[in-house]
Amino acid sequence: MFNDKTKKGVEGRKESVNRVKSALSKSDKVIWMHAASLGEYEQGLPVLEKLKDQFPKHKILVTFFSPSGFENVVKKKNIADVICYLPFDTKSNVREFISHINVELFFTVKYDYWYNLLEELKNQKVKTFVISALFYESQSFFTSYGKWFVKQLQKNIDWFFHQTQHSYLLAKSIGLQKSSVTGDTRFDRVKHLRNRDNHVDFIKEFIGDEKSIVFGSSWQAEEKIAKMIFEKDQDVKLIIAPHDLKRVDNLKVIFPNALLYSNLKNSQTLKFSDSQILIIDSIGLLSKLYSYADIAVVGGGFHDSGLHNILEAATFGVPVIFGNQYIKNPEADDLIKSDGGKSFEHENEAAEFVLFLLNNNEELEGLSENAGKFVAGQPNSSELIVKKILSL
């Protein structure tokens, strides 16, 4: 009643069976990917694309738990034949949903486990996998009451493809033996970003000859960092892309003289040299905007909302700055170890480091080179995963 996001999920689930019935027949062989939200979808997509290449006549089903994932993907061109919400995990819901689908292969991404669903898929003799699996010590599996959950995974999952060696060893320690380390599939996706057309209208003109910082998926903490830099350095261009467009009004209050991206195309008189801050009030541009950046400040790491995608910036050889609350993001530790990024506990520390980089080209160039090498040197995870799936 009081939460709009929850309401969307509940209402959307009422349409899931109808969506499947209208797009698929029982004679269609189906590859099904489930993702909790947008980030997990992007991790699973490289594998899904390769499976589609292997089985071009199969239909593709993608399900989401989160409205943010569903709403972002359903509006875009994609390879799925049907996209819908995953029904709530009761036995009756799951059986009704699966009864309309001829599933040959199912995989879930990272750690979104629904036990009635997994059991029913096993009863239907569907091969079931976990892509980019990530186990960490605070999960329920490693508590006294987690044994039942572990038994369900032992019984119903054919193979775990782990992001990290640490995750692999943790899973082994609780008896999840059918597994291998294949890395993070997101690296496969972001490597391709460098080779596409990353042009965004007006951005080159806005930056001019100055250095630029892109604040990607920013929250309040990253806005504070932008304000501190703005007050201390007038010779840098700041591009702010908030995690939610509802924050645009707040940004206009903090930076009353900032330009709005949506207004640029309608203006014939703008002098970009007079403006230091550009607020991105459009979706779908961020991964391209990173290609223009000298430094990236990525949101979500200064609180427990979850660190947003740092790899989209790093792949362009852009050093990434973020908060230190990212237990579910092992790539953040790896980027720091590679000296291609830095995390900080407080916003003012992050701002001071960014200001230091702006005035130390040698240090900035070193971090930039390391960030690009970090991404380029990762294994082709999706190829390893698909090879193993085919063998099974």
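Is Ser-217 buried or exposed? Ser-217 is buried, because its relative accessible area is 14%, under the 20% cut-off for a buried residue. The model is a predicted one. The points below start from Ser-217, then take up the whole chain, its salt bridges and a few single residues.

**Around Ser-217**

- Ser-217 belongs to strand S8, which covers residues 211-218.
- Apart from neighbours within four places in sequence, Ser-217 is in contact with Ala-241, Pro-242 and His-243.
- Its other contacts of this kind are Leu-286, Gly-299, Gly-300 and His-308.

**The chain as a whole**

- The chain contains 19 helices and 14 strands.
- Its radius of gyration is 22 Å, close to the 21 Å that the globule rule gives for 392 residues, so the chain is as compact as a globular protein of that length.
- Along the principal axes, the C-alpha atoms fill a box of roughly 65 × 45 × 40 Å.
- Of the 392 residues, 53% count as buried.
- Among contacts with a separation of 6 or more, 69% are between residues 24 or more positions apart.
- About 18,500 Å² of the chain is exposed, and carbon and sulfur atoms supply 48% of this area.
- The chain has 50 positive and 50 negative charges, and the mean positions of the two sets are 9 Å apart.

**Salt bridges between distant parts of the chain**

- The count of salt bridges comes to 17.
- One of them joins the side chains of Arg-186 and Glu-331, with an N to O distance of 2.9 Å.
- Arg-186 is in helix H9 (residues 186-193) and Glu-331 is in helix H16 (residues 330-337), so this pair links distant parts of the chain, 145 residues apart.
- Arg-186 counts as buried because its relative accessibility is 8%.
- Glu-331 also counts as buried, at 3% relative accessibility.
- Another salt bridge is formed by the side chains of Glu-347 and Lys-224, at 3.7 Å from N to O.
- Because Glu-347 lies in helix H17 (residues 347-358) and Lys-224 in helix H11 (residues 220-232), the pair ties together parts that are 123 residues apart in sequence.
- How exposed is Lys-224? At 42% relative accessibility, Lys-224 counts as partly exposed, whereas Glu-347 counts as buried at 18%.

**A salt bridge within one helix, and a network**

- The side chains of Lys-252 and Asp-249 meet in a salt bridge of 3.9 Å, N to O.
- Both residues lie in helix H12 (residues 248-254), where they are three residues apart, about one turn of the helix.
- Lys-252 is partly exposed, with a relative accessible area of 39%.
- Asp-249 is exposed, because its relative accessible area is 53%, over the 50% cut-off for an exposed residue.
- Glu-42, Arg-189 and Glu-312 are joined into one network by salt bridges that share partners.

**Two lysines with positive phi**

- Most residues other than glycine have a negative phi.
- Lys-110 is not a glycine, yet its phi is positive, near 80 degrees.
- Where is Lys-110 placed? Lys-110 is in the loop between strand S4 (102-109) and helix H6 (115-123).
- Lys-110 is buried, with a relative accessible area of 6%.
- Lys-125 also has a positive phi, of about 60 degrees, although Lys-125 is not a glycine.
- Lys-125 sits in the loop between H6 and strand S5 (127-133).
- Lys-125 counts as exposed because its relative accessibility is 74%.

**Ala-376 and Lys-191**

- Ala-376 is part of helix H18, which covers residues 361-376.
- With a relative accessible area of 58%, Ala-376 is exposed.
- How far apart in space are Ala-376 and Lys-191? The C-alpha atoms of Ala-376 and Lys-191 are 6.8 Å apart in space, while the two residues are 185 residues apart in sequence.

Methods
Residues numbered from 1 in each chain as written. Predicted model: local features only at pLDDT ≥ 70, side-chain atom pairs only at ≥ 80, totals over all residues. Heavy atoms only, no water. Salt bridge = Lys/Arg side-chain N within 4 Å of Asp/Glu carboxyl O. Helix = DSSP H or I, 4+ residues; strand = E, 2+ residues; numbered from the N terminus. Buried < 20%, exposed > 50% of the residue type's maximum accessible area, 1.4 Å probe, protein only. Rg over C-alpha atoms; globule rule 2.2 N^0.38 Å. Contact = heavy atoms within 4.5 Å. Areas by Shrake-Rupley, 256 points an atom, 1.4 Å probe, with all protein chains shown as cover. Lys, Arg positive; Asp, Glu negative; His and termini not counted. Charge placed at Lys NZ, Arg CZ, Asp CG, Glu CD.
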